[in-house]
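Here are some short exercises to try with the structure open beside you. Work through each one, then check the steps below it.

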Amino acid sequence: MSKGNIVAGLDIGTNSIKCLVVQKKQNDCEVLSYAEIPSFGLRKGAVVNVEDVAKNVQLILSGVERDCNKKISSVFVNIGGNHIYVTPSDGIISVSRADQRISKEDIERVLQATRAINLSRNDEVLDVIAREFIVDDQKGIKQPLDLSGVRLEAKVLLLCVFSPYFLNLTQAVLSSKLQINDVVPSPLAAAKAVLTPQQKELGVALIDIGASTTSLAVFEEGDLIHLAIFPIGSGNITNDIAIGLKTEVAIAESIKKQHGTCIFTKKEKEIIKDQSHKKIEIFSAKGGPASGWDSSLNFTKKDLVDIIEPRVSEILDLVQKELKKIGKQEMLPGGVVLTGGGAKLPKIKELTKDTLGLNCEIGIPKGIVGIQEEPSLATVAGLVLGGVDFDEEVGILGLTKGWGSKVKKFLKNFIP
């Protein structure tokens, strides 16, 4: 829904679906309704069962409509999964006007020319992200409109997706009787909510740790310069605990939240050394509280660290490889911002700083009044913030809104 200063965002994830409805005030946004329900029909962030996802979308939609007493007709929705990737491309055209001034049509043509590359048969370009324009060998131009020249070049990143997964997502939402204002990759939505313009200008890496995937988005000079998504997330840590302690996944998740930590400080190591025999005992019950306590688990804090630290280090090693690939290893003044549900693990900030050699902070959504200071809400918050910006520009310029509008792309609000 994007009507009367009201915007709705729909974050469809592997473990949960979140819906946030906000109203634009003079200087900020105010929450009208928020809901979260368990998710089914996704694997590694991608929609694999359209019917299951559509049912959950309808369920959460009816809940937020009752809560805010408003009809929701359209949403801004995310797309996730490690099928999403970026690839560099470039294009070149001759300026068409006789006076050699570069027009909007010239810019559209050169960006269209960058799409002329060979992709895998089932992949498609979701959007073209301009990094640099070159006018008659003059490099480093961000906005070439009305400049004079004979030749116009563009260097871009093509944002690509696996077509069947993209189609599954859109079918699931559309079959719920919702219109799609636009679709944006999860890490770009999260970046909109937690990163500042200064961080993007200096150079910053956003790491969004979800349940089944971890996303990396790197910005420099205000632009996205790299994006990667890995098929590993906080759910893998839960599974590791379940295997290591020989317990159920639900119990392992509870243990992770209550007792988990990534590393020990020097002081804690000394305490652990002196109390290496001290164990944590918890009880598990099958069939709910009425069935009584069924069994107990005994483990130490060190047992948990020995399980959790290797998996988190694996994620960070994947991030480090990507940073090295683009020449930004330990070279981002804005540091690293961790967000997503996995960012709540104790001591993950310290482990990230030690592993990547960069300053690190936890990213929480900004710019919305009434929203929890919760890293897992970054994506849904970013969707509505981008939607508000989109609505404002549409209103000012008198443009026609709608999914797939070629006049004004929603993604441009995520990548200045």
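**Exercise 1.** Find out which strands helix α2 lies across, and how the sheet around them is ordered.

*Solution.* This is a predicted model, so keep that in mind as you go. Start with α2, residues 104–113: the helix lies across β8, β9 (123–135) and β11, and runs at about 130 degrees to β8. Next, put the strands in order. The open sheet has four strands, arranged β8-β11-β9-β10 with antiparallel pairing. Now look at the ends: β8 (85–94) and β10 (138–141) each have a single partner strand, so one side of each has no neighbour in the sheet. From one strand to the next, the twist averages 35 degrees. Finally, zoom in on β8 and β11 (residues 151–162), which pair over ten bridges in the antiparallel sense. One residue to look up is Y85, whose bridge partner in β11 is C160.

**Exercise 2.** Work out how α9 and α10 are oriented to each other.

*Solution.* First get the angle: the axes of α9 (residues 301–325) and α10 (residues 348–356) cross at roughly 45 degrees and come within 10 Å. The two helices are therefore oblique to each other. The crossing is right-handed. Then list who meets whom: in α9, the residues include V312, L316 and V319, and in α10 they include I348 and L351. Sorted by class, this contact has six nonpolar, four polar and two charged residues.

**Exercise 3.** Is K328 buried or exposed?

*Solution.* Locate K328 in the loop between α9 and β18 (336–339). Its relative accessible area is 16%, and buried means under 20%, so K328 is buried. Beyond its neighbours within four places in sequence, K328 touches E220, I225 and L323.

Conventions: Residues numbered from 1 in each chain as written. Predicted model: local features only at pLDDT ≥ 70, side-chain atom pairs only at ≥ 80, totals over all residues. Heavy atoms only, no water. Axes fitted to C-alpha atoms, helices over the stretch in contact; angles between N-to-C directions. Parallel < 35°, antiparallel > 145°, perpendicular 65-115°, else oblique. Left-handed = near helix turned anticlockwise from the far one by under 90°. Contact = heavy atoms within 4.5 Å. Nonpolar A, V, L, I, M, F, W, Y, C, P; charged D, E, K, R; others polar. Buried < 20%, exposed > 50% of the residue type's maximum accessible area, 1.4 Å probe, protein only. Pairing = 2+ DSSP bridges.
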